[in-house]
Amino acid sequence: MIDGPYLVLAVLGVLGTGMTAGVFYAFSTFVMRGLAALPPAQGVAAMNAINTAAVRVPFMLLFLGTAALALATGVVTCVVWPAEGAVLLLVGSALYLVGSFGVTVAANVPRNATLLRREPGSAEAAGHWGRYVREWTAWNHIRTAASVAATAAYALALV
């Protein structure tokens, strides 16, 4: 079993990636379905409100803090390479950084920014809404799976 600072990094990794996975899972399983069931103007307005509310300290601390933790864990692991759990720590870090943080930056945030530029009641927004929901949710499934897998990797590093 790992110990010392690696134990702390792995436990924090489990907590951060697991909580992030839970947020993403909620969106994949019921939030986006609920929003998609609304008339487009209401769905666009609600999603824009959610995206604006998400950029606040509680979620950003979790999301960005976990990314910083994953980066630090990956760097420290590469430099020191502990006898136990090194590969799993690297895998967990890579999964979160690429599959959760990277996908968010490359896929979900640009879609959010495009949606925010649409007037909720406009024909343009109504025409865009269905595609947004499908694409955003597909990318969110990837973020969810990557965060769950990162949680599993960090947890297995503890064994």
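Helix H2 and helix H4 (residues 86–116) pack at an angle of about 125 degrees, and their axes lie 10 Å apart. Since an angle counts as oblique when it is neither under 35 degrees, nor over 145, nor from 65 to 115, H2 and H4 are therefore oblique to each other. The crossing in which H2 passes H4 is left-handed. On the side of H2 the meeting involves Val44, Met47, Asn48 and Asn51, while H4 contributes Asn112, Leu115 and Leu116. Sorted by character, the residues of this contact of H2 with H4 comprise four nonpolar, three polar and no charged ones.

The model described here is predicted. In its secondary structure the protein has five helices and zero strands, so that from the N terminus on the order of elements reads α-α-α-α-α. The C-alpha trace spans about 60 × 20 × 20 Å along its principal axes. The protein has 159 residues, of which 40% count as buried. Among the contacts in the protein with a separation of 6 or more, 80% are accounted for by residues 24 or more positions apart.

**Packing of H2**

Helix H2 (residues 40–54) also packs with helix H5 (residues 123–157), at an angle of about 55 degrees and with the axes 9 Å apart. That angle makes H2 oblique to H5. The crossing of H2 and H5 is left-handed. Here the contact is made by Pro40, Gly43, Val44, Met47 and Asn51 of H2, together with Ala125, Ala126, Trp129, Tyr132 and Trp136 of H5. The residues of the contact of H2 with H5 divide into eight nonpolar, two polar and no charged.

The two packings of H2 are set side by side below.

| Helix pair | Angle | Axis separation |
|---|---|---|
| H2 and H4 | about 125 degrees | 10 Å |
| H2 and H5 | about 55 degrees | 9 Å |

**The surroundings of Ser28**

Another part of the model can be followed through a single residue, Ser28, which is found in helix H1 (residues 5–36). Is Ser28 buried or exposed? Its relative accessibility is 10%, and because buried means under 20%, Ser28 counts as buried. Leaving aside residues up to four places away in sequence, Ser28 touches Arg33, Thr137, Asn140, His141 and Thr144. With one of these residues, His141, the side chain of Ser28 is joined by a polar contact of 2.8 Å between the two side chains.

Notes:
Residues are numbered from 1 along each chain as its sequence is written. This is a predicted model: local features need pLDDT of at least 70, side-chain atom pairs count only at pLDDT 80 or more; totals for chains, interfaces and linings use all residues. Side-chain values use heavy atoms; hydrogens and water are left out. Helices (H or I, at least four residues) and strands (E, at least two) are DSSP runs, numbered from the N terminus. Buried means under 20% relative accessible area, exposed over 50%, partly exposed in between (1.4 Å probe, protein chains only). A polar contact is a pair of N or O atoms within 3.5 Å; within protein, one must be able to donate a hydrogen and the other to accept it, and residues adjacent in sequence count only if both atoms are side-chain atoms. Contact means heavy atoms within 4.5 Å. Axes are lines fitted to C-alpha atoms, for helices over the stretch in contact, and angles run from 0 to 180 degrees between N-to-C directions. A crossing is left-handed if the near helix is turned anticlockwise from the far one by less than a right angle, and right-handed if clockwise. Ala, Val, Leu, Ile, Met, Phe, Trp, Tyr, Cys and Pro count as nonpolar, Asp, Glu, Lys and Arg as charged, and the others, Gly among them, as polar.
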